[in-house]
Amino acid sequence: MDILAAKLQATFGYGTFRPLQREIMEASLAGRDVFALLPTGGGKSLCFQLPALVRDGLTVVVSPLIALMKDQVDQLEVSGVAATFLNSTLDETEARARLRGLHRGEYKLLYVAPERLMLEGWAENLKKWNVTCLAIDEAHCVSEWGHDFRPEYRQLVKLRMLLPDVPAMALTATATERVRRDIITHLRLREPALFVASFNRPNLTYRVIPKDQPLKQIIEFVRKREHESGIIYCASRAASERVAESLASRGFAAKPYHAGLDGAERAQNQEQFLRDDTRIICATIAFGMGINKPNVRWIIHHDLPKNIEGYYQETGRAGRDGLPGDCLLLFSAGDVAKQTHFLDEITDDHEREVARRQLRQMVHYAENSACRRAELLGYFGESFPLDNCGACDNCSEPRETYDGTLVAQKFLSCIYRIAQRGGFSVGMNHVIEVLTGAETDKIRRRNHDQLTTYGIGRELSRSQWSAVGRELMRLNYVTVATGEYATLELTAEGMTVLRTRMPITLTKPMETPKAKRVAARREGEVACDEILFERLRTLRRKVADERRVPAYIIFGDTTLRAMARYYPESVAQMEGIPGMGEKKRAEFGALFATEIAAYLSTNSRIAFA
């Protein structure tokens, strides 16, 4: 067994690498700069943690969040790795003690925020500490095109100049081609080895349903998952408070999380979620980046996300342990209108246009009848090889189609006639008002009530026409003009359809599912003795509370489920259990083996295929 594989098994308790992990580590150990894009749950952290145990000197890890630093250091310490962090949460005495340890070469990894590296005196420290690798986590923060740009990340280029011979590793879980180029340029990576893993998260199920009494829909969903952890993302602070209060009043362990809360309360709510005291966090997008909780089993989007990249990142917080996760998006045309209104108030033309385009892509994803997995992967430039993923609503329950030739002709013709009459195009709302025969000042002032298309679409409601219009945009028959106003224009394909009366097939809008269909059955759950699994969870919780760390720091659910499947009754039998490294086996193995033996004294084993 080679040294990387041996260290992986001995320290972290895993017998195999995830895709690209070994290649990334070997390139870094060979002294090359590395750019690595691995999806959330793909094992990014191990790519710099394991080489740090093999090479001499210190690996400096740049991380944007204090919570993430503590979390990763706690996990490393429990696995027997000498790691530390320096940030504003430490008092002066503790900070000095850690600095002394760094000067003595006691640590293999140091986690630090980018702004701290720029403080006076740090250049001298870094030169003295024998830094042999610089790992930049969440590297998309360096790009203004990324979904979470942080200006302080731009300063990291100074580190390259300070430590010119130290190999750098930039890691991210989500980045388009443009953002990837930006990261490499701004961090001055020198002919980096490039690794881009698949964006596919096969253990996640994606579903979109029309938002209809959202609180009721959420309660129905959560009731079927009462013992599982989940995150509900809301567009506003008020919504996150309202949903959390409603769930808490019905007996669910739910707390809000948003930037408007007092810092202490926000930190407490997050800590309770990490420790499983709180099962549900109702959060704005301020929550989640860098939260390394592996057993989040579901994600709900109460409101429409602003862009696909953010949506992918947020849904990616489910199932980081490789076990199944459910992702549910509640969609309404009202949310689209609300967000469009906010975007119209952006004063910078370029910024407004980018935001509009991103929102249209998100709406396209929500309303599209194609495979959702293929849509997500396509956004990141990756094709999905199968016709049916079997794990999204559109693949498992395809929506009906209908002959939309007549309604398409009406909509396209209305755009054409309006432009022909006034020499200019108008927005979606005005087109629909003409079609439905609305009596507004704007219509009368422009004489649009004299058009042949005025009132020819009264058979459909405004929301139904909106759905038709958006689908014609998805089919590339209609486009949105660039500029201050989001006006509609016919594409060349749209003109051809209008002239030839070509048959058009449209998809029926989503229907609100019956309550019994809200919770899809999970495929891929690791079969185990569920009663024993709950007993082991209780024991894990007790051990974690004694150490004042989140439960998953002790063992992940994958490890507990393996124990509850194979029934190891001694420390020796614990060997081969995933996530059971040597230090954890020595420290916790006997305790858990004793619990399993006690369980078997009054219960028989279940035979699994």
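Two strands pair if DSSP finds at least two bridges between them. Strands are DSSP runs of E with at least two residues, helices are runs of H or I with at least four, and both are numbered from the N terminus. The model is a predicted one, where local features need pLDDT of at least 70, side-chain atom pairs count only at pLDDT 80 or more, and totals for chains, interfaces and linings use all residues. Residues are numbered from 1 along each chain as its sequence is written, and side-chain values use heavy atoms, with hydrogens and water left out.

**Exercise 1. Trace the open sheet of 7 strands and find its edge strands.**

Step 1: Follow the order β3-β4-β2-β5-β6-β1-β7, in which the pairing is parallel.

Step 2: Look for strands that pair on one side only; these are β3 (83-86) and β7 (193-196).

Step 3: Check the turn between neighbours, which is 15° on average, direction ignored. Axes here are lines fitted to C-alpha atoms (for helices, over the stretch in contact), and angles between N-to-C directions run from 0 to 180 degrees.

Step 4: Zoom in on one pair. Strands β1 (residues 34-37) and β6 (residues 168-172) are joined in the parallel sense over 4 bridges, and phenylalanine 35 faces alanine 170 of β6.

**Exercise 2. Which residues does leucine 50 touch?**

Step 1: Set the rule: contact means heavy atoms within 4.5 Å.

Step 2: Leave out residues up to four places away in sequence; leucine 50 then touches Leu4, Lys7, Leu8, Phe12, Phe17 and Met25.

Step 3: Place Leu50 in the largest nonpolar core, which has 106 residues and where Leu50 is one of those with the most contacts. Such a core is a set of buried Ala, Val, Leu, Ile, Met, Phe, Trp, Tyr and Cys residues joined through side-chain atoms within 4.5 Å.

Step 4: Note a separate core of 30 residues, including Val407 and Val480.

**Exercise 3. Is aspartate 326 buried or exposed?**

Step 1: Recall the cut-offs: buried is under 20% relative accessible area, exposed over 50%, partly exposed in between (1.4 Å probe, protein chains only).

Step 2: Aspartate 326 has 6% relative accessibility, so the residue counts as buried.

Step 3: Locate aspartate 326 in strand β13 (residues 325-331).

**Exercise 4. Describe the protein as a whole.**

Step 1: Take the elements: there are 26 helices and 17 strands.

Step 2: Take the extent: the C-alpha trace spans about 85 × 65 × 45 Å along its principal axes.

Step 3: Take burial: of the 609 residues, 55% count as buried.
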